[in-house]
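Me: I am new to this structure and would like a close look at a single part, together with what surrounds it. Please take me through it step by step.

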Amino acid sequence: MPVLKGKELRIVGFLCNWCSYGGADTAGVGRFTQPTDLRIIRVPCSGRIDPLFIIKTLMNGADGVLVSGCHPRDCHYAEGNFYARRRLEVLHRFLPILGFEPGRFEYTWVSASEGQRWQQVVTRFTEQIHKLGPAPKIAGPEASKTLRQMEAAL
Amino acid sequence: MKYQQELKDSIRKALPDLDVVIAWSSGFDPLHATPHFIRRDEDIDRLEIGPLCVHNLATYLPGLRGKKVGIVVKGCDSRSVIELLQENLIKREDVTIFGFPCTGVVDQTKVRKALGNAGRVDFCQVASQTLVVGAGGTEHKLRLSKVLADKCFSCQYPNALLADHFVGEKISPSVAEEEGYDDLAAFENMPLDERFAFWQKEMDRCIRCYACRNACPMCVCRDHCLAESRDPHWLSQEDNVRDKWMFQLIHAYHLAGRCTECGECQRACPMDIPLLLLKKKMNKEIKELFQYEAGVDPAATPPLLSFKMEEENIKEREW
């Protein structure tokens, strides 16, 4: 799918190296059609994801953030995603107080073999973000900086 | 305050075994109290407790590690002490806790607004739910219900939860537990775009003095704070809303499941930014998710430092 100027939104995905990144790879190898708004950042484990990464991403102008890791009880490091689950759930409930719609951030679990499931997750999350439209941006002098950063990300 | 003499006697008895006792005394004018470090017997006479004792003295404890320290605490301060104990940041045998029943502390911002530009403060007294302030030759009577800090109207723990010496009689909280989050509920009724605009407007006033961080009893990183870190470079030195807002979110997130809602961040803020709102939101969600309140039980583990295989209140994402 070509990059459609002005039609795409910036969605950032933090993916666990052992499961979801593999799952995204499986989806690619299987040539499943996927929307192209998502930019993937590979992390060693969903437990590596500081909730502040997600806040910072949203503050810097991303329209959506998706986190995906191993299914609970399947963590490569035994318990990383159990800690992640608590942190991410707290963040999910905390974000609305800042003025971000709760749907701008989602976390889910996709294993390396679930290429089909990855396709569904990406499609559904991208649709959800498109329904919400562009995220609120910080106005004022730094607005132009945000715009530059966003352009660099596309 | 009626238990003051009793408290002094109890400190006098304990002082020989302690390096220092932290309490309050009268500050630069009669309207302001200041932290007071008692090292000798004669220092005890200057001790004062009452509604002007706004500071949470637990902030000093991690810096005095290794010393035998006595500390005078209100109910909210005692929760900070407990939280520090929970996280092994201080040793139980090193601290001696003096507790008293607290009936609320004033919010100096409210007092300042009520007094206006009244001039030099000559005296200040508390008599039957009224704060009598003599300033610039006139006497101002302020009802305590008008000038107490907001946190005191939702206080659930007026007595020190953990104390080696407790003076006076324990009192019961004046409000029901559910009422504590009324202000948050009101804020959450605002539409999302207004909330976003609200924080931008509030954070724009921030002068990056970091008083909120320095006053916080749970901010124990000191020289290793993310705000000053260059690697990773979380915040720039620029004066913009994004970085200022981000810092407050770092603060709120580093306190997730640890914040005892003592309100020091908001009190210390020279720009009166409603910082406690963020922390209250975090605490409310943590209470709902994990039935946990920070600084209540010295043996408890903070919820984000532990997990359960099956979480009762977290639904697995269905997609």
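Reply: Happy to help! Let us begin with a term that we will need throughout: helices and strands here are DSSP runs, at least four residues of H or I for a helix and at least two of E for a strand, numbered from the N terminus. Please also keep in mind that this is a predicted model. The part I have picked is the sheet of chain A, and after it we will turn to its surroundings and to chain B.

In chain A, 4 strands make up an open sheet, and their order across it is β2-β1-β3-β4, with parallel pairing. The two edges are taken by β2 (38-43) and β4 of chain A; each has a single partner strand, so one side of each is left without a neighbour in the sheet. On average, neighbouring strands are turned by 20° against each other, direction ignored.

Now let us walk across the sheet, strand by strand. β2(A) pairs with β1(A) in the parallel sense over 6 bridges. If you want a spot to look for in this pairing, find A:Val12, which stands opposite A:Arg39 in β2(A). On the other pairing, β1 (residues 11-16) is joined to β3 (residues 64-69) of chain A by 5 bridges, and these two strands also run parallel. Here A:Gly13 is the residue to find, standing opposite A:Leu66 in β3(A). Going on from β3(A), another 5 bridges lead to β4(A), again with the two strands running parallel. In that pairing, A:Gly69 stands opposite A:Trp109 in β4(A).

How enclosed are these strands? For β1(A), 6 of its 6 residues are buried, and the strand is mostly covered. Its residues point in two directions: A:Ile11, A:Gly13 and A:Leu15 go one way, A:Val12, A:Phe14 and A:Cys16 go the other, and all are buried. At the edge, β4(A) has 5 of its 5 residues buried, so this strand is largely enclosed by the rest of the structure. From β4(A), A:Phe105, A:Tyr107 and A:Trp109 point one way, while A:Glu106 and A:Thr108 point the other way, all of them buried.

Next come the helices that meet the sheet. Helix α1 (residues 20-29) of chain A lies across β1, β2 and β3 of chain A and runs at about 110° to β1(A). Another helix, α4(A), packs on the sheet and touches β1, β2, β3 and β4 of chain A; its direction makes about 160° with that of β3(A).

Between β1 and α1 of chain A there is a loop, and A:Asn17 sits in it. This residue has 17 other C-beta atoms within 10 Å, so it is partly exposed. Setting aside its neighbours within four places in sequence, A:Asn17 is in contact with A:Arg42, A:Val43 and A:Pro44. For a sense of distance, the C-alpha atoms of A:Asn17 and A:Gln128 are separated by 25 Å, with the two residues 111 places apart along the chain.

The surroundings of the sheet also include chain B. In all, 33 residues of chain A are in contact with 30 residues of chain B. On the side of chain A that touches chain B, α2 (51-59), α3 (80-94), β4 (105-109) and α4 (115-132) each supply at least two residues. The largest share of that side, 9 residues, comes from α3(A). By class, the side of chain A that touches chain B has 17 nonpolar, 4 polar and 12 charged residues.

Finally, a short look into chain B. Its helix α2 covers residues 75-86; at 1.5 Å a residue, these 12 residues should span 16 Å, and the end C-alpha atoms are 17 Å apart, which agrees. Of the 12 residues of α2(B), 10 are buried, so this helix is largely enclosed by the rest of the structure. The buried ones include B:Arg79, B:Val81 and B:Leu84. What covers the buried residues of α2(B) includes β3 (69-73) and β4 (95-99) of chain B. Just after the helix, B:Asn88 takes a positive phi of about 60°.

Chain B is divided into domain 1 (4-107 + 148-305) and domain 2 (108-147). The C-alpha centres of these two domains lie 25 Å apart, and 11 residues of domain 1 are in contact with 13 residues of domain 2.

Definitions and conventions:
Residues are numbered from 1 along each chain as its sequence is written. Chains are lettered from A and ligands numbered from 1 in the order in which they are written. This is a predicted model: local features need pLDDT of at least 70, side-chain atom pairs count only at pLDDT 80 or more; totals for chains, interfaces and linings use all residues. Two residues are in contact if their C-beta atoms, placed from the backbone, lie within 7 Å. Ala, Val, Leu, Ile, Met, Phe, Trp, Tyr, Cys and Pro count as nonpolar, Asp, Glu, Lys and Arg as charged, and the others, Gly among them, as polar. The expected span of a helix is 1.5 Å times one less than its number of residues. A residue is buried if 20 or more other C-beta atoms lie within 10 Å of its own, exposed if 12 or fewer, and partly exposed in between; C-beta atoms are placed from the backbone. Domain bounds come from an automatic or database domain assignment. Two strands pair if DSSP finds at least two bridges between them. Axes are lines fitted to C-alpha atoms, for helices over the stretch in contact, and angles run from 0 to 180 degrees between N-to-C directions.
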